[in-house]
Amino acid sequence: MSVLELEDVHTYYGESHVLQGVDLQVEAGEIVALLGRNGVGKTTTLRSILQLTPPREGTVRFAGEDVTGLATSDVANRGVGWVPEERRVFGYLTVEENVRIAVGPDGEYESLRDEIFTLFPDLERFRDEEARNLSGGQQQMLAIARGMVGDNDLLLVDEPSEGLAPMIVEQVVDALREASAETTMILVEQNFPLAMDLADRFYLLDQGTVVESGSTEGVTADDERIRRYLAA
Ligand SMILES: Nc1ncnc2c1ncn2[C@@H]1O[C@H](COP(=O)(O)OP(=O)(O)OP(=O)(O)O)[C@@H](O)[C@H]1O
């Protein structure tokens with residue numbers, strides 16, 4: 001059974017028909033990259049999975065169950081975590097408080113916190129610092145950490161490298177690799193080499209539909225079937 005299955009998903013913003021029949025599957029343990037030019041609907045695909053923008057047609061199945069039309073909180077409670085593009089952390093809470101409130105009702109807070117701090121030594125160093133005082137990269141790690149301690153079976157990660165210096169990107173990549181040992185992941189990422197490096201498989205979107213998909217093994221940006229959809 002796939003962790004996640006989208007079947008012929010159509011999603012609109014008002015009259016604007018953004019997803020025009022998206023089909024995709026994610027298997028347990030995979031990292032799947034969603035690729036495509038700006039505005040093709042990658043974030044909208046994540047929003048459709050979370051039911052933040054519920055599809056008007058088609059089906060989203062999580063862990064074998066139809067979740068289409070459920071409240072976002074129900075989808076989240078079933079084990080779908082979100083690391084949004086804008087690195088949502090609580091600026092006026094400390095790093096540790098940010099982690100604590102992300103732990104689900106059944107989570108063992110102290111052991112999860114210790115696990116996170118082992119994984120992200122930077123977060124431990126700044127555990128008593130208010131999150132707003134962290135660098136962009138550290139905030140991104142905190143956002144990823146918050147997604148991980150929620151005991152999620154699927155983590156949706158939107159543009160994790162955006163706006164970060166290359167050295168910091170490397171740390172975020174390491175963090176994502178660590179996170180992927182614990183949870184299945186969908187990664188929206190504009191940095192093509194990074195996406196290919198991290199992901200097992202990819203889906204390439206264009207004009208609201210999947211135009212290519214497959215293993216990332218050996219795929220490069222020069223690949224003709226990729227290039228024509230990613231070039232500006
Ligand atoms: N809240 C909204 N209301 C109306 N239109 C929207 C809204 N959010 C996104 N759109 C439009 O839907 C289309 C798909 O946007 P989406 O954010 O899913 O693209 P994307 O592939 O994630 O690109 P990007 O990398 O730019 O975020 C775009 O044309 C965008 O302008």
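F62 in β4 stands opposite E65 in β5. These two strands, β4 and β5 (residues 65-66), pair in the antiparallel sense over two bridges. Two strands count as paired if DSSP finds at least two bridges between them. Helices (H or I, at least four residues) and strands (E, at least two) are DSSP runs, numbered from the N terminus. Two residues lie between the strands of this hairpin, and A63 takes a positive phi near 50°.

The model is predicted: local features need pLDDT of at least 70, side-chain atom pairs count only at pLDDT 80 or more, and totals for chains, interfaces and linings use all residues. Residues are numbered from 1 along each chain as its sequence is written.

**Strand pairs**

Strands of a sheet pair through backbone hydrogen bonds, either parallel or antiparallel. β1 has two partners in the table, β2 and β4.

| Pair | Sense | Bridges |
|---|---|---|
| β1 (residues 4-13) and β2 | antiparallel | eight |
| β1 and β4 (residues 57-62) | antiparallel | five |
| β7 (residues 154-158) and β8 (residues 184-188) | parallel | five |

L4 stands opposite V26 in β2. H10 stands opposite E57 in β4. β1 and β2 form a hairpin with two residues between them, and G14 in the turn has a positive phi of about 60°.

**The open sheet**

Six strands form an open sheet with mixed pairing, in the order β6-β7-β8-β3-β9-β10. β6 (80-83) and β10 (209-215) stand at the edges with a single partner strand each, so one side of each has no neighbour in the sheet. Neighbouring strands here are turned by 20° against each other on average, direction ignored. Within the β7 and β8 pair, L156 stands opposite I186 in β8.

**Helix α6 and its neighbours**

α6 lies across β6 and β7, running at about 175° to β6. Axes are lines fitted to C-alpha atoms, for helices over the stretch in contact, and angles run from 0 to 180 degrees between N-to-C directions.

Helix α3 (residues 95-102) packs with helix α6 (residues 136-149) at an angle of about 30°, and their axes are 8 Å apart. The two helices are therefore roughly parallel to each other. Angles under 35 degrees count as roughly parallel, over 145 as roughly antiparallel, 65 to 115 as roughly perpendicular and the rest as oblique. V95, N98, V99 and A102 in α3 meet L142, A145, R146 and V149 in α6. Residues are in contact if their C-beta atoms, placed from the backbone, lie within 7 Å. This contact of α3 with α6 divides into six nonpolar, one polar and one charged. Ala, Val, Leu, Ile, Met, Phe, Trp, Tyr, Cys and Pro count as nonpolar, Asp, Glu, Lys and Arg as charged, and the others, Gly among them, as polar.

The axes of α6 and helix α7 (residues 166-182) come within 10 Å and cross at roughly 5°. α6 and α7 are therefore roughly parallel too. G137, Q140, M141, I144 and M148 in α6 meet seven α7 residues, including I168, V172 and L176. The contact of α6 with α7 has eight nonpolar, three polar and one charged residues.

**Around the ligand**

The residues around the ligand are Y13, S16, V18, G36, N38, G39, V40, G41, K42, T43 and T44. Near means that the C-beta atom, placed from the backbone, lies within 6 Å. β2 (16-26) and α1 (42-50) are the elements that give two or more residues to this shell. α1 gives the most, with three residues. The shell divides into three nonpolar, seven polar and one charged.

Terms used
Contact = placed C-beta atoms within 7 Å.
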